[in-house]
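Q: Could you take a close look at one part of this model for me? I'd like to know how one chain meets its neighbours.

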Amino acid sequence: MFEARLGKTALLKKIVEALKDILKASTLDCSDSGIQLQAMDDSHVSLVELSLSSEGFEKYRCDRNLSLGLHLDMLAKVLKCANNDDAVTISAQDKPDKVLFAFESQSKERTSDYELRLMNLEQEHLGIPDTSYACVVRMPAVEFARICRDLAMFSETVIIACQKDSIKFSASGDAGTANIKLSQSVIDEETQRVSIEVDEPVTLSFGGRYLSSFTRATPLSEQVKIGMAVNVPLLVEYAIENFGYVRYYLAPKVDEPEA
Amino acid sequence: MFEARLGKTALLKKIVEALKDILKASTLDCSDSGIQLQAMDDSHVSLVELSLSSEGFEKYRCDRNLSLGLHLDMLAKVLKCANNDDAVTISAQDKPDKVLFAFESQSKERTSDYELRLMNLEQEHLGIPDTSYACVVRMPAVEFARICRDLAMFSETVIIACQKDSIKFSASGDAGTANIKLSQSVIDEETQRVSIEVDEPVTLSFGGRYLSSFTRATPLSEQVKIGMAVNVPLLVEYAIENFGYVRYYLAPKVDEPEA
Amino acid sequence: MFEARLGKTALLKKIVEALKDILKASTLDCSDSGIQLQAMDDSHVSLVELSLSSEGFEKYRCDRNLSLGLHLDMLAKVLKCANNDDAVTISAQDKPDKVLFAFESQSKERTSDYELRLMNLEQEHLGIPDTSYACVVRMPAVEFARICRDLAMFSETVIIACQKDSIKFSASGDAGTANIKLSQSVIDEETQRVSIEVDEPVTLSFGGRYLSSFTRATPLSEQVKIGMAVNVPLLVEYAIENFGYVRYYLAPKVDEPEA
């Protein structure tokens, strides 16, 4: 028996929105400690990792580890049928072939349940090694989303250059060149929006399309954390308060050798 | 001479929106007592009935019964040209070949008039027998609209099951099964949103596409009234305060005989 | 060296929106006195003229006259990357092959710059003779935009008839006839929205598509000024406070001779 209850459907909606552009279908691994998901995007270039601790849920019970293979687009549609402040209970039998999403309005006048058939998906579990990053930047998640969107007009390649006190995003194409620079905010706890920790400056290039797809997680957190180091995939992390995180990893672009 | 004046164009806009998805063109029958319309939808499955009493109008005069055949899409466009709080006067000569819609802004600084050519439409008047329904449910019109939209994801067929104290809407398809249940609200005049009167429980199936098209009338009233009985068309009624109603009728789906 | 600084990017956004539907690309002529643009629309029927005085800018320097040939669609995209209340500085070298747009957020935490390649565009400078108009009408710009949009449903040709105290816009087609009439407001400085000065009544016909394209300038001013006289192009002018104006000119339609 698996059962997990969230007080507000809104959070689940945001999580599914953060995943469904990258993954058509995916498997939620449920265990006593919580729910995990790890998968390459459909084009096998970036990696996405979701971790939700059982402690975040209003109610959580998982007698036996189980894997729920779900069509994320269909799940997103089901979630649209619920109000943001409806409570949602996810439940499944042991060895399930379907999963039940039950919603309850605050007044309890309205209840609804949606039974989705499970899919059998192949899974590859990749060990993600712990990495220490030469540069760690925290900035407003909406700012990062906007930069990714703006630079997409100029080029498919986005160059991120991080140095003491500033991070610069650049793109250059036929129409021209764009540079967007953020500076570390004045030290003032309340208004600090951008923080930059640099062990050594790093400049790397990334596929802008992947960066943009990561920003679908923007509604999940105020701040996004970016970690960069040479020869290591970029980390883009959105924390989920009380629950865990969504993390995206993307390998830097390697310069084409000149002919 | 026919002349009817409404203080606010908004009401006429909502009425035309309630009809124009179902009927491309239709005939307004004007008489001394008011304006009536009755027609099968374009696919001849459901029936729509509009009744506007002459008493609701600011000014109403109809010397001779007349029929105004109108292209509803064009009428909707004309109405979009008016502000919601413009006054509108509809007028036509006896034996008319055109109808005039004249709008006046509240400040009277702006007046506009639109002359539409009339169409000659065949009409079939169907007697709608008075029916007593085994179940009568009143619920917020927006709730009914949302249920119809949500269930459309799962199946073309919507099953409505009404019993003492609750009404359940269900749809089942390849992706899974959905059930939405509304319970009678606690008896409290002010907050009562759902009321259910049941002589005997009824469960019937309907084409979801038609139900959805009926919900275009949602802006007309806070509440929708649903009447069901075995072997009788479903009634979906939106009252129009001071004027009358829009009613939709839809025959239940009959189970296909098994081969 | 050319440099022009505006306190708010919003104004530049509105100007480019007013031009980009009519002109794919165009040349800004920069001189000591300010920035001018004059061009036929892409179908060579109407004329658009932009005049921005150097005095409106926060900072303005133009050592040598220069012409900046810009792809307006690309410029509009670059401007979308800036916040409305960012400051923007436009700069170019003498004999430039590129132009730089630099934006600065109010907190200065974020700066961005966009370098656009210049285009070499052929230019034809047309002398626009000073004209005295038999009718000059001022009305709310949003009202004019709405009239153009509404009449487009009925016909490609819009007839404007101006006489003492009123201006009437008409269109007539297969679906019917529309007339919209505005009357001069009561003389009261504060509420006067429509003012009409008539030396002699004029009735002229114009291509509705061109009128509609002019209304893209609506966000630039509260009021639009319309000037008409027989045998002279219609003037549609949107003033830009402290800077100058955008003006559009359109020749009246000539009645087709009957066969």
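A: Here's a walk around chain B, one neighbour at a time.

Bear in mind that this is a predicted model, so the contacts below are computed from predicted coordinates.

Let's begin with how the copies are arranged. To lay chain B over chain A, you rotate by 120° and shift by 0.1 Å along the axis, and the RMSD comes out at 0.0 Å. That is the relation of a three-fold axis. As for where chain B sits relative to that axis, its nearest C-alpha belongs to B:K80, at 17 Å.

Now for the side facing chain C. Here 17 residues of chain B meet 21 residues of chain C. About 1,500 Å² is buried between these two chains, with carbon and sulfur atoms giving 42% of it. On the chain B side, the residues that lose the most area to chain C are B:E109, B:R110 and B:R117, which together make up 41% of what that side buries.

What about specific polar interactions? Two salt bridges turn up across the interface of chain B and chain C. In one of them, the side chain of B:E109 meets that of C:R193, with N to O at 3.0 Å. So B:E109 shows up twice here, among the residues losing the most area and in a salt bridge. Ten residue pairs are in polar contact across this interface, counting pairs with both residues at pLDDT 80 or more.

In terms of secondary structure, the elements of chain B that give two or more residues to this side are α2 (72–80) and β9 (110–117). The biggest giver is β9(B), with eight residues. By type, this side of chain B has six nonpolar, three polar and eight charged residues.

The strand β9(B) also pairs across the boundary: seven bridges join it to β13 (residues 176–183) of chain C, and the two strands run antiparallel. To find your place in that pairing, look for B:E115, which stands opposite C:T177.

Next, turn to the side of chain B that faces chain A. This time 21 residues of chain B are in contact with 17 residues of chain A. The buried area between them is about 1,500 Å², and carbon and sulfur atoms give 43% of that.

Two salt bridges cross the interface of chain B and chain A. One of them joins the side chains of B:E143 and A:R110, at 2.6 Å from N to O. There are eleven residue pairs in polar contact here, again with both residues at pLDDT 80 or more.

On this side, α3 (141–151) and β13 (176–183) are the elements of chain B that give two or more residues. It's β13(B) that gives the most, with eight residues. The residues of chain B here divide into eight nonpolar, six polar and seven charged.

A strand pairing crosses this boundary too. β9 (residues 110–117) of chain A and β13(B) are antiparallel and share seven bridges. Within it, A:Y114 has B:A178 as its bridge partner.

Putting the two sides together, chain B pairs through β9(B) with β13 of chain C, and through β13(B) with β9 of chain A.

Key:
Residues are numbered from 1 along each chain as its sequence is written. Chains are lettered from A and ligands numbered from 1 in the order in which they are written. This is a predicted model: local features need pLDDT of at least 70, side-chain atom pairs count only at pLDDT 80 or more; totals for chains, interfaces and linings use all residues. Side-chain values use heavy atoms; hydrogens and water are left out. Copies are superposed by least squares on the C-alpha atoms of residues with pLDDT of at least 70 in both. Contact means heavy atoms within 4.5 Å. Buried area is the accessible area (1.4 Å probe) that two parts lose on being put together, summed over both. A salt bridge is a side-chain nitrogen of Lys or Arg within 4 Å of a carboxyl oxygen of Asp or Glu. A polar contact is a pair of N or O atoms within 3.5 Å; within protein, one must be able to donate a hydrogen and the other to accept it, and residues adjacent in sequence count only if both atoms are side-chain atoms. Helices (H or I, at least four residues) and strands (E, at least two) are DSSP runs, numbered from the N terminus. Ala, Val, Leu, Ile, Met, Phe, Trp, Tyr, Cys and Pro count as nonpolar, Asp, Glu, Lys and Arg as charged, and the others, Gly among them, as polar. Two strands pair if DSSP finds at least two bridges between them.
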